[in-house]
Amino acid sequence: MEKRTVYLKTFGCQMNEADSEQILGILGQSGYRSVDRPEDATLIILNTCAIRAKAEQKIFSDLGRLKVFKMKDPSVKIGVAGCLAQSMGERVLSRQPAVDFVLGTMGLDELPDLIEKSGRGEKGVSLAMSGNSEEVRPDAVRSSLVQAYVPIIYGCGNFCTYCVVPFVRGPETSRPVQYILKEIRGLAGQGYKEITLLGQNVLSFGKNSKENVMFRDLLHLTHDIDGVERIRFVTSHPRDMSLEIIETMARLPKVCEALHLPVQSGSDRILHAMNRGYRRRDYLEKLELLRENIPDIAITTDIIVGFPGETDNDFEETLSLISEAGFDHLFGFCFSPRPGTPAETLPDPVDPETARVRLEAVFNLQREISLKKNEAITGRVVEVLVEGPGRKDPAIFTGRTRTNKIVHFPGRSEMIGKLVHVKVEQGLPNCLIGRVDHQDKHKR
């Protein structure tokens, strides 16, 4: 029998991770087995990101190294999938001739045909912008044994001036509710305790659908499914975070006290140039509402520095917002002009070194805030969903609190997938250190 092995490397966001799980499921139906090393693969796929130029550079650098395996064995096939594939299309083939096929962000069911064509020596390109929204995805190969991503909405309709997502993911399309709930019930039946509802902007779910089921309704429907014990969702646009949604989060015990709410900048002038649709004051007022209704909520965010025209004063406003907001964690990036976006041609670019220094200042400030927040948890007992052993020491296990904080603690394999209570002994900037509370009689 023909040996079929696949090496799949994923770049970018959780949506790409979910797509990779789907790709592995599709390939599994064709007899492919996943391997951890490209040298062991007969098929190599990079599932790519196009958000920043750095990601694009890394992808083509990887392709340059991976073509060696094809040179050693011409039967090895190489594919590029995801957002970069959607954005560049056939240009990927001309830039790296070792690539056999290009698969965009949608229509993943065309993958077997592309592989078959490559077996006949034909190059293939599929850039369909529809096809995934009604997939039940029963055969997705999950990367976790305890937590599962469930896409609920595809595409984006916000058109922030710096962002390529609407052009590579298409318009917002809500997935039919019956498919979402069927997938979640199946996952709960398999023992998955934590479900993350996924989309570029989950708060827009249902707005362009005839089903008249909005995001708050979907939270209720998910909450009612037996076996689901934790519900998360990502990502949320601040403009769409309403009091109604906040109150729904507060009422439903299974919805975790954690929220990723990207602000991007603390300057009203820059927020307007980014087409974010809110002001600094609006954002901070929503944080206040969240904390009034969900006192223990942990809030994370995204920050972009070096946006065209960003002055020292604009940047100082970003630093002051970070201090005032008191985020638990943030993801920071230097602005990267993306082809086809309005920001690509904006005047007054910020010097790359200036942007780098600003980003370092952002990380330094947030590190101080995160450390203080995590040190304040020392001595408390927290509920942790155990994910598995750590990479460095198999006796030290890793899990997450309801507030999505990483916890490391001595554990045992039978704890994986269970909720245990851990007493925090040390708070570090990016994690908590603790021990299982042996007085806990309620492990599940």
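## Surface, fold and a three-stranded sheet

The accessible surface of the protein adds up to about 20200 Å², and 50% of that belongs to carbon and sulfur atoms. Keep in mind that this is a predicted model.

Let's start with the whole chain. There are 13 helices and 19 strands in the protein. Its radius of gyration is 22 Å, close to the 22 Å from the globule rule for 444 residues, so the protein is as compact as a globular protein of that length. The C-alpha trace spans about 60 × 60 × 50 Å along its principal axes. Of the 444 residues, 55% count as buried, meaning under 20% relative accessible area. As for who touches whom: if you take the contacts between residues at least 6 apart in sequence, 71% of them join residues at least 24 apart.

Now zoom in on one sheet. It is open, built from 3 strands in the order β7-β10-β11, and the pairing is parallel. At the edges sit β7 and β11, each of which pairs on one side only. On average, neighbouring strands here are turned by 25 degrees against each other, direction ignored. Helix α7 packs on this sheet and touches both β7 and β10, with its direction at about 170 degrees to that of β7.

Here is where to find these elements in the sequence:

| Element | Residues |
|---|---|
| Strand β7 | 147-151 |
| Helix α7 | 177-189 |
| Strand β10 | 194-198 |
| Strand β11 | 230-234 |

How many bridges join β7 to β10? There are 5, and the two strands run parallel. If you want a spot to look at in the viewer, Q147 stands opposite E194 in β10.

Note on methods: Residues numbered from 1 in each chain as written. Predicted model: local features only at pLDDT ≥ 70, side-chain atom pairs only at ≥ 80, totals over all residues. Heavy atoms only, no water. Pairing = 2+ DSSP bridges. Helix = DSSP H or I, 4+ residues; strand = E, 2+ residues; numbered from the N terminus. Axes fitted to C-alpha atoms, helices over the stretch in contact; angles between N-to-C directions. Contact = heavy atoms within 4.5 Å. Rg over C-alpha atoms; globule rule 2.2 N^0.38 Å. Buried < 20%, exposed > 50% of the residue type's maximum accessible area, 1.4 Å probe, protein only. Areas by Shrake-Rupley, 256 points an atom, 1.4 Å probe, with all protein chains shown as cover.
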